[in-house]
Amino acid sequence: MMTNSHKRLQDGKNKLDRLTDLPINVIHEIQEYMTVEDAARMSVLSSKWRHIWVSNPTLRISTDFCRKGKQSSTIDIINRILLHHYGPIKTFLLDLSIINPSKHSVIDLWMLHLSRNGLVDLTLMNPRNLNAPYKLPSYVYGMELEQLSLSSCIFKPPCNFGGFNKLKSLEFVGVTFELDVATSFLSVPNLLDLMFMQCSGLHHLNIYAPELLRLKFSHCGIDTIKWISFKDCRKVKIFAVIPQLEVSQNRQHEAMDLAKLLNSLPEIGAFILDGYSLKVRWQLISLHRSE
């Protein structure tokens, strides 16, 4: 006759067997809701799970990852994770604030490693005023990404940059653009969503995005936005501008350029502006169309 303790042990074993028998893709989906540290701990559940976490195509490394460790140990652990990982890494998120700016060269090596492992979704978080901006290495510009989100980075593409041909979603937050004549053309032929927030250096940026549907500028300054040139972005349905400052009476010529910008986006169905700018905007549209 089975005792209560033996029965509980058997019940636990049966539940563990059911967990172990889950398909690997389901296990990976479960791990996506965990930190890398917790996913590694799962390896003690069974021999089958021992190495599953190192094949997870999604790696998210945030501030929680190093809350207990020192800077040197954090870098060492991330190095080991990437070294022992097998299979493609499709999604990678890194909070850059956990890495001292003096160690940014280590991140360059991680980007090089990821560029050779099928990465399609890259997020680099870097809370403003908490760390120095991270300058993207040349390898990033050669990745075949579908999603790219950058925060407080320096965007300075190499002269041979041909754009992101597979990119569908692109977010720039607090990004500094360092462009010249050879690198001012941003070709994103399959892009659907594009957002700029608190960015600088956008002057003379040329954007080619024939499939773009949603475009947003937030706190970039109308005087900066007006210099951007849109090449064949006629499919844009939603256009939002949240100005850095209200447009004063002596700066209405800057809003006039915004009116001209809208003429290059004929399919707009939703147009979102700050309330004061909206009032000035409609007056200018009326004047522009009566010419």
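The questions and answers below walk through a predicted model of one protein chain.

Biologist: How many helices and strands does the protein chain have?

Modeller: This is a predicted model. Helices and strands both occur in the protein chain. The counts are 8 helices and 15 strands.

Biologist: What is the average pLDDT of the protein chain?

Modeller: pLDDT is the predictor's confidence in each residue, from 0 to 100. In this chain, 65% of the residues score at least 70. The average is 78.

Biologist: Over which residues does pLDDT stay under 50?

Modeller: Where pLDDT is low, the predicted coordinates should not be read in detail. The stretch in question has 20 contacts beyond four places in sequence in the model. Its pLDDT stays under 50 throughout, and it covers residues 275-291.

Biologist: What percentage of the 291 residues is buried?

Modeller: A residue is buried when its relative accessible area is under 20%. The protein chain as a whole exposes about 15500 Å², and carbon and sulfur atoms supply 54% of that area. Buried residues make up 41%.

Biologist: Which strands stand at the edges of the open sheet with the order 4-6-8?

Modeller: This sheet has 3 strands with parallel pairing. An edge strand here has a single partner strand, so one side of it is left without a neighbour in the sheet. The edges are strand 4 (134-135) and strand 8 (176-177).

Biologist: Which residue in strand 6 stands opposite Tyr 134?

Modeller: Strand 4 pairs with strand 6, residues 153-155, in the parallel sense. There are 2 bridges between them. Opposite Tyr 134 stands Cys 153.

Biologist: Is Cys 153 buried or exposed?

Modeller: The cut-off for buried is under 20% relative accessible area. Cys 153 has 0%, so it falls under that cut-off. Cys 233, at 1%, is buried too. Cys 153 is buried.

Biologist: How many disulfides does the structure hold?

Modeller: A disulfide is a covalent bond between the sulfur atoms of two cysteines. To count here, the two sulfur atoms must lie within 2.5 Å. The number of disulfides in the structure is 0.

Biologist: How many bridges join strand 7 to strand 10?

Modeller: Strand 7 covers residues 169-173 and runs parallel to strand 5, residues 147-151. In that pairing, Leu 150 has Phe 172 as its bridge partner. Strand 7 also runs parallel to strand 10, residues 193-197, where Val 173 is matched with Met 197. The bridges between strand 7 and strand 10 number 5.

Biologist: Which helix gives the largest share of the largest nonpolar core?

Modeller: This core has 62 residues. Among the members that touch the most others are Phe 92, Leu 122, Phe 172 and Phe 217. The largest share is 5 residues, and it comes from helix 5.

Biologist: How far apart are the C-alpha atoms of Leu 112 and Tyr 139?

Modeller: Leu 112 lies in helix 5, residues 104-115. Its relative accessibility is 22%, so it counts as partly exposed. Along the chain, Leu 112 and Tyr 139 are 27 residues apart. Their C-alpha atoms are separated by 5.9 Å.

Biologist: What is the relative accessibility of Leu 122?

Modeller: Leu 122 sits in strand 3. Beyond four places in sequence, its contacts include Phe 92, Met 111, Val 140 and Leu 148. Leu 93 is 29 residues away in sequence, with 6.1 Å from C-alpha to C-alpha. Leu 122 counts as buried, and its relative accessibility is 0%.

Biologist: Is Met 125 buried or partly exposed?

Modeller: Met 125 is also in strand 3. Its contacts beyond four places in sequence include Leu 93, Asp 95 and Ser 151. Buried would need a relative accessible area under 20%. Met 125 has 31%, so it counts as partly exposed.

Biologist: What is the relative accessible area of Thr 123?

Modeller: Thr 123 has its place in strand 3, residues 121-125. Leaving aside neighbours within four places in sequence, it touches Phe 92, Leu 93, Leu 94 and Ser 149. Thr 123 is buried, and its relative accessible area is 17%.

Methods:
Residues are numbered from 1 along each chain as its sequence is written. This is a predicted model: local features need pLDDT of at least 70, side-chain atom pairs count only at pLDDT 80 or more; totals for chains, interfaces and linings use all residues. Side-chain values use heavy atoms; hydrogens and water are left out. Two strands pair if DSSP finds at least two bridges between them. Helices (H or I, at least four residues) and strands (E, at least two) are DSSP runs, numbered from the N terminus. Buried means under 20% relative accessible area, exposed over 50%, partly exposed in between (1.4 Å probe, protein chains only). Accessible areas come from the Shrake-Rupley method with a 1.4 Å probe; for residues, only the protein chains shown count as cover. Contact means heavy atoms within 4.5 Å. A nonpolar core is a set of buried Ala, Val, Leu, Ile, Met, Phe, Trp, Tyr and Cys residues joined through side-chain atoms within 4.5 Å.
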